[in-house]
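Trainee: I am new to this structure and would like a close look at a single part of it. Please start from one ring and work outwards.

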Amino acid sequence: MHSTNLLLEEPIRMASILEPSKATFFPAMTKIVGTLGPKSRSVEIISSCLKAGMSVARFDFSWGDAEFHQETLENLKAAIKSSKKLCAVMLDTGGPELQVVNKSENPISLQADSLVVLTPDQDKEATSNLLPINFSGLSKSVKNGDTIFIGQYLFTGSETTSVWLEVTEVKGEDVVCLIKNSATLAGPLYTLHVSQIRIDLPTLTDKDKKVISTWAFRNKIDILSLSYTRHAEDVRHAREFLSKLGDLNQTQIFAKIENVEGMANFDEILGEADGIILSRGNLGIDLPPEKVFLFQKAAVHKCNMAGKPAVVTRVVDSMTDNLRPTRAEATDVANAVLDGSDAILLGAETLRGLYPVETISIVGKICAEAEKVYNQDVYFKRAVKYVGEPMSHLESIASSAVRAAIKVKASVIICFTSSGRAARLIAKYRPPMPVLSVVIPRLKTNQLRWTFSGAFQARQSLIVRGLFPILADPRHPAESTNATDESVLKVALDHGKTAGVIKPHDRVVVFQKVGDSSVVKIIELEN
């Protein structure tokens, strides 16, 4: 079977299936975002996660306090230092998330065909017949026949830990529902999702703003994951808020698409955001199951053509409790790669899963295998056609660098950059070889002190497929005055040799600015 994004070569491909996967310095071109939590917050575990292939650490403020997350972040810093693996920090906002309030944390048994009342009175105790929630406007948003889903935070969809409700009556501020399946809600945090209903709450809540202006500001986070993004204005509002918080004006905003409202405004949101996260957990509730794959493929394609990272979530839910993914999950990971995803985001699997390191390792191996059969030729032609003519100067040179690297069978592309834009443009054309992005800091001042930029740009590329950043010595300018800057190039080549991606007699394509011009050159290495 052949598809446009799949490249199979028989009989070589069939024979190679039996070959064991080989360990490499870069586990895969596709990046892995790991959510750090109770099961993955020690220095030892985080170090193992980094070595297994995690390049972005996600801190989810839907649960846990700032002190808990700060301790985890300090452990991450220690792990980065000991493992010598660079890692970006992503803050995931809580957003307008509806939650069941179970103060006692006692398990709640719900029986199919029974009635349960959802009430905004949070002082009441959660029971099998009454569930307090954190939103007083639910009764005004729903009507008889509407579907409500309740699941453990980062739910896996297991029918024993999640429940489907049907609204039967609205009584004042209370909502009476029929329980559709028996389940036991155990634990402190359960989220509630009303299918295809608009919840009248701000995307960036007061709680989110407090977390950003304190914890995020203090720690200079690289990426803000904006939960429940529904309109382009949500992204603009968040960016305006970040712009007033010092270095956070460099923080990238990834819009998290979680419902049909975000889907309906996808194009406008993509135009404003720096990247997109497809939150398939909630999307799978808002959309009929048979439509989820279609939105994923369409959304990822749009991100690819725009040159913005696409991140897919909820791929190996079963690994929360098991050492191996299901066959369907393994195929799902591969299909996400073949669709063009930049990164795979792991939630419950690493936050509270029993096997966080093994999960990252297995997902990385599946991604690497899928990348081997990714039809880059078809994708390249499609991307060039989409951009059209005339191309911008930088886009033209970036696409030419990828074409040259493929023609000469280069082992890597080395790109010198300050803003990271050139490297991202090269990655947009999905070269089959790694792109070593040499980020050269720029000296800047606010008239009170001197600072170097570059660290943000280096870490932010860790969520882009195929990009592997190196933060260079600031004494080396990105815009060299001569054709070769031997010392900084040597640093990049040495890094590639250490990583095992550059060998004697290999060809390397170098992208660099020389004066006002961008230059692509091909280097053939000696011994």
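Which arginine lies over the face of tyrosine 374, and at what distance from the ring centre?

Mentor: Arginine 465 lies over the face of tyrosine 374, at 4.6 Å from the ring centre. A charge counts as over a ring if NZ of Lys or CZ of Arg is within 6 Å of the ring centre and within 35 degrees of the ring normal. This is a predicted model, where local features need pLDDT of at least 70 and side-chain atom pairs count only at pLDDT 80 or more, while totals for chains, interfaces and linings use all residues. Residues are numbered from 1 along each chain as its sequence is written, and side-chain values use heavy atoms, without hydrogens and water.

A second arginine is placed in a similar way: arginine 41 lies over the face of phenylalanine 68, at 3.8 Å from the ring centre.

Now the cores. The largest nonpolar core (buried Ala, Val, Leu, Ile, Met, Phe, Trp, Tyr and Cys residues joined through side-chain atoms within 4.5 Å) has 63 residues. Among those with the most contacts inside this core are Met54, Phe59 and Phe266. Helix H13 (residues 356-372) gives the most to it, with six residues. Tyr374 belongs elsewhere, to a second, separate core of 41 residues that also includes Ala401, Ala422 and Tyr429. Helices (H or I, at least four residues) and strands (E, at least two) are DSSP runs numbered from the N terminus.

Back in the largest core, phenylalanine 266 is in contact (heavy atoms within 4.5 Å) with Phe295, Ala299 and Cys303, among others, leaving aside neighbours within four places in sequence. Phe295, Ala299 and Cys303 are also among the buried residues of helix H10, buried being under 20% relative accessible area, exposed over 50% and partly exposed in between, with a 1.4 Å probe and protein chains only. H10 covers residues 289-306, and its 18 residues should span 26 Å at 1.5 Å a residue; the end C-alpha atoms are 27 Å apart, which agrees. The expected span is 1.5 Å times one less than the number of residues. Glycine 307, with a positive phi near 70°, follows H10.

H10 in turn is part of what covers the buried residues of H11, together with strand S16 (310-313), strand S17 (343-346) and H13. Those buried residues include Val333, Val337 and Leu338. After H11 comes glycine 340, with a positive phi near 115°.

Rings also pair with each other: there are seven aromatic pairs in the structure. Rings of Phe, Tyr and Trp (its six-membered ring) pair if their centres lie within 6.5 Å, and planes under 30 degrees apart are stacked, over 60 edge-to-face and the rest tilted. Phenylalanine 149 and tryptophan 164 have ring centres 4.8 Å apart and planes at 65°, so this pair is edge-to-face. Phenylalanine 149 lies in strand S8 and tryptophan 164 in strand S9 (residues 162-171), so the pair ties together parts 15 residues apart in sequence. Phenylalanine 149 counts as buried at 3% relative accessibility, whereas tryptophan 164, at 27%, is partly exposed. Isoleucine 148, also found in S8 (residues 147-152), counts as buried at 0%. Tryptophan 164 is one of the residues that isoleucine 148 touches. One aromatic cluster is formed by Phe59, Phe61 and Trp215.

For the whole protein, 55% of the 527 residues count as buried, and the secondary structure comes to 18 helices and 25 strands.
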